[in-house]
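Ready for a few exercises? Have a go at each task yourself before you read the worked solution.

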Amino acid sequence: MARTHRLAWTCTLALACVWPGTWAASANCARAKSPNDLLVCSDGPLSVMDDEVASLYRSAKAVTHDAVAFKRETNEEWRSRESCGDRDCLVAWYQRRSAQLAAEINHGQAAELRSEPTAAVPQPVKADALVADDSFPVGTTIWVVAGIVGFLWVRAKVIKGKRIIAAQQARRDEMAESELTVARKSETRTPDRTRETASGVSRRRTGASSKPRTPTIWIPPGESVVVHGATIPGGMLYVGSSLMAADGGVEPAQLDPTLEMDAGPATPDERHFGYWPRYHEISPIARRAYLTWLSGGRRDPAADIGYVFLFFYGLERRALVEAAADEAAQAEIPAIVDEIERLRAIYDNNSFLRYSSDLIDFLAAGAVARGCYLKAPPPDTSNRGMSLRLKVGLGQCAVDGAPVPVGWALAWARSEANVHLPRSASRCARQFDSQFKAQYAQHFNEGLKLGVNRTKLKIAYRAASSGLLGQGFTADLGALPDVTTVVAPLKKLQSVVDTAAAGLEAYSRFIGRHADRVASLEATLLLPKALWPVSVQDAVAGLDKRIGAGMVVIKLGELLTVFGGTSTLTRETLKNLFQVLQSAQVGVEPNVLAGAKTPKADDSVVLFRLEGDDGVAGHHNAAGYEASAVMLDLAITLANADGKISGREVQFLNRQVDAWAHVGDSAQRRLRARLRLGIVYPPSLASLRSKIEPLPAEAKVGLGKLLSALALADGTLAPAAVKHLEKVYGLLGIEASALYRELHVASAASDRQARGVTASRLVERSAPEPVKGLSATVPSLHVPKRAQALGGFQLDPARVAALQVESERVTAMLSKVFEDQESMASVATVPLPSPALDDTEAESHGRESRLLGLDPEHSAFLRVLLTRPSWSRAELGEVAADMELMLDGALERVNEATLDTLDNRIAEGDDPIEIDQDLMENASAWT
């Protein structure tokens, strides 16, 4: 009876096993005892993942070359699974184990593809928990017999169905095997080594079948594969239909040749699918377009970026998932990085550039070499965020106590979003970089030194592939600090940037308005001298040598040619030119900088050597110079009274300037240049009217007396000179009689002096002769004949001394007048408001690259938040401390900003603090 009981329970249990409703997990759910097995059997998605792992396990076991090692690995992985205590751990284990087994299959089938192994027969269920019972009713026996019959009937149907399915699967496998024979060849090998695959088109249902149909293999870099008659060069893609993604679905990047593909031509300039594509889900025409792009070498610049991403998904899987367990995949990472860089040079899509840059940085984290900062700096990222290599180099500088090299500092300033760059940094980048380097050396000598802060450098990557969503990829760079979170160094960098930009504002505005005149003289003169072109610097050096310690008269047009300019220049440009020369210790007369009339291209100018601080505005006695200049101009008009200036008169005037030592060396140098120009272009009395008329009467009388004394300084007085003096006195508003009195006094003094000089040497003295041209009102005015007969240039020291005393008196009087005029002018002058510049001309003194309108500090904090999907509270506290912020207050501030602008909070949780993934995805559009 007990035997009957056991048979009944066995049949009942068998019926339960085939009854629908129990999850078809690879684990025997009827015998499940451990919490993990019970959880798998009760969870549909986990059960599916368990089936996939079982299927992959059988395939991997069939192709493994080391059964012992494979068994050891399987046991270790099973123990790891059993250590899980929750669903998340199991999901992660199944995803990781699937990737490992897929890698084993691909590795084992690299030399020769094998067909999929036959599925294992389900293990029989043992009913070892049955309990014997001596009593068993007849009705129960009938039900048992009926159950046995039903069970046998169901079993026969199941066996028949399995045979039909197996036969169909065998036919499909045979067809797939004939359709797809993947041959890999190196691009360096001869074409006859390539074997064509999948010449036909399989018209199966788009999507993944319940079981792998054709084992998927990875085509290594540099090898080719033929799919649907098209040769795909370069490798680096998955071909087949058995590869599953970490999320449990079909791998998005897997190129499945058994899926339907459009037979006609298709170009990749249209996408034909939505966001986050998967190859098995896109349309047949999109597959054809993707194949066209692949076979064209992945270089068509018109291709839609969706096809680039579809290929990029495969690179992500190979580098992030399989390289973690496969040495061959790990060795391919440099080639993968090179391919990504090649694609970046072709496809300028912001989303792709961001993902690809982040992946390159993440992959580089495992190969950080010491002393990165000793090599050339990485390219700047134009304020879009700092690259990992740049952060690593700066962190190494901090750890090693080494100063930041100038090239690295410049790349830091150009890449850091919280350093505000002026418009000149982009508009005239080369000049800005030169100025930055010069100012950086002045600020920090050897370079800026960084402290070791608390925030450590870590890197996280969020995959673009939908098959890897939810996967967290993080890398730790040891004890390297993230110095970019510290506020103090950024303030120092900002100071250097501002100083470098200050000398380029005028130049930047000019080329902003005149883009076609970047190389013009006007533009060159607005640059600091150190930034002049070499040709201009050489020309200026030659001109400087030509001037020497003296002076040179040169046509303005010739001077402009030295600087590469034209003769059609504005007064403002000439002022810039003369300021540049002044800074190079070269003065120019006429002094346009002091308000002189602008010379023309055919006019001569005098270049003379300045000394010391001559070029500094206000250094010399300006009022004393103006007074002496008026006297010198009047003296030049007197010397030119007869229409020419003789060498004797030039000598006399030079000696007179030498005698005016009371005005100072700087003013004397400019007066000599003024005299030199006055000899070429003698001034007229009319040109002096504006300076003489405002003088007070006392100053005018003093000028008249001084000019009369100068007229007889050499003992001669020509009629033309007397006539000119009459005009001067008329200009001064003095009666002519005063002139004759002065000439009479001067003539008498000259006569007495001549008598004293020649008394010991002359036996006879001729009677004095009247001076020709003098008015009859002064008949007693004579010039000693002996004095005329002596000839030459005779200046008595006593007379020169008297003239100097008189000059100093008149100069002092005129200087007071000019000082009062300058004071009145400065009081009367009201500065006009600067005209507003339009948007195209305005100079940006700081690029406000702040997020969501936050202040610079909280904007910087938000940028750091977005670098990882999750933060521990301790780590984020260190970041806030480095930025001189309170953590809770900073989190509240950025959450308010994202809530107001984006209707969601960016940071959730207390520890860990999770960052909203959807907001992270769209962060590039916040600025």
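**Exercise 1: two packed helices**

In this predicted model, H858, F861, L862 and L865 of helix α31 meet L887, A890, L891, R893 and V894 of helix α33, where contact means heavy atoms within 4.5 Å. Helices (H or I, at least four residues) and strands (E, at least two) are DSSP runs, numbered from the N terminus. Before we go on, some ground rules: residues are numbered from 1 along each chain as its sequence is written, and side-chain values use heavy atoms, with hydrogens and water left out. As this is a predicted model, local features need pLDDT of at least 70 and side-chain atom pairs count only at pLDDT 80 or more, while totals for chains, interfaces and linings use all residues.

Task: work out how α31 and α33 are oriented to each other.

Solution.
- Step 1: find α31 at residues 856-865 and α33 at residues 887-902.
- Step 2: take the angle, about 85°, and the distance between the axes, 10 Å. Axes are lines fitted to C-alpha atoms, for helices over the stretch in contact, and angles run from 0 to 180 degrees between N-to-C directions.
- Step 3: angles under 35 degrees count as roughly parallel, over 145 as roughly antiparallel, 65 to 115 as roughly perpendicular and the rest as oblique. That makes α31 roughly perpendicular to α33.

**Exercise 2: a strand with two faces**

Task: sort the side chains of strand β8 by the face they point to, then find the partner of V553 in β10.

Solution.
- Step 1: β8 covers residues 551-555, and its side chains alternate. V552 and I554 point to one face and are buried (under 20% relative accessible area; exposed is over 50%, partly exposed in between; 1.4 Å probe, protein chains only).
- Step 2: M551, V553 and K555 point to the other face and are not buried.
- Step 3: β8 pairs with β10 (residues 604-609) in the antiparallel sense, over five bridges. Two strands pair if DSSP finds at least two bridges between them.
- Step 4: across from V553 in β10 stands V606.

**Exercise 3: into the core**

Task: which residues touch the most other members of the largest nonpolar core?

Solution.
- Step 1: a nonpolar core is a set of buried Ala, Val, Leu, Ile, Met, Phe, Trp, Tyr and Cys residues joined through side-chain atoms within 4.5 Å.
- Step 2: the largest one has 132 residues, and W293, F436, L559, F563 and L607 touch the most other members. Helix α8 (residues 305-320) gives the largest share, eleven residues.
- Step 3: zoom in on L559. Leaving aside neighbours within four places in sequence, L559 is in contact with L543, I554, L577, F578, L581 and L607.

**Exercise 4: charged partners**

Task: which parts of the chain does the salt bridge between R317 and E251 tie together?

Solution.
- Step 1: a salt bridge is a side-chain nitrogen of Lys or Arg within 4 Å of a carboxyl oxygen of Asp or Glu. The whole structure holds 26 of them.
- Step 2: R317 and E251 meet at 2.9 Å, N to O.
- Step 3: R317 lies in helix α8 and E251 in the loop between β5 (237-239) and α7 (284-295), so the pair ties together parts 66 residues apart in sequence. Both residues are buried.
- Step 4: R317 also meets E322, at 3.3 Å, N to O. E322 counts as buried because its relative accessibility is 1%.
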